[in-house]
Amino acid sequence: MKFQGDIVIVEVPSIPSTATRKEPENGRHIVAHSETGHHHFVNAADAVHFQAEDPNVCYLQMLTDSPVVHDRAWDTHAPQMLDGGKCYIGIRQVEKSPEGWRRVAD
């Protein structure tokens, strides 16, 4: 299990057949969009990206060793290395608030 800011990354045995393939954005697979525009991503050439029905969950099938990078020059989260040939799930963390459940703010 790996953590990077408000996401949890866990190795899984396979990607569910219900997940849909997602195209990269500007050469990157965005694992989690940040409220401030500083996204968590892997390079598009290094993985295949799948989206679960839950918008807080995505999957990566890694084609090669590659880090998940936090796209911010200051107060950044350390890169988390993912191993090639393995599958991972990325989950946005949520928290209870007086208004109900919400995404954890990065």
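Strands S8 (residues 66-70) and S9 are joined by three bridges. The two run antiparallel. Within this pair, valine 68 has glutamine 80 of S9 as its bridge partner. The structure described here is a predicted model.

S8 and S9 belong to an open sheet of four strands. The strand order is S4-S5-S8-S9, with antiparallel pairing. Strand S4 (28-32) and strand S9 (80-82) form the edges, each pairing on one side only. From one strand to the next, the twist averages 30°. In general, the strands of a sheet pair through backbone hydrogen bonds, in either a parallel or an antiparallel manner.

The largest nonpolar core numbers 12 residues. Its members are Ile7, Ile9, Val31, Ala32, Val42, Ala47, Cys58, Leu60, Met62, Val68, Leu82 and Tyr88. Two or more residues each come from strand S2 (7-12), S4 and strand S7 (57-62). S7 gives the largest share, three residues. A further core of 10 residues lies apart from this one. Ile15, Val57, Tyr59 and Cys87 are among the residues of that other core.

Valine 42 belongs to the largest core. Neighbours within four places in sequence aside, valine 42 is in contact with Arg28, His29, Ala47, Leu60, Ser66, Pro67, Val68 and Leu82. Of these contacts, Ala47, Leu60, Val68 and Leu82 are listed among the members of the largest core. Val68 thus appears in two settings: it bridges to glutamine 80 in the sheet, and it is part of the largest nonpolar core.

Definitions and conventions: Residues numbered from 1 in each chain as written. Predicted model: local features only at pLDDT ≥ 70, side-chain atom pairs only at ≥ 80, totals over all residues. Heavy atoms only, no water. Pairing = 2+ DSSP bridges. Axes fitted to C-alpha atoms, helices over the stretch in contact; angles between N-to-C directions. Core = buried A, V, L, I, M, F, W, Y, C linked by side-chain atoms within 4.5 Å. Buried < 20%, exposed > 50% of the residue type's maximum accessible area, 1.4 Å probe, protein only. Contact = heavy atoms within 4.5 Å.
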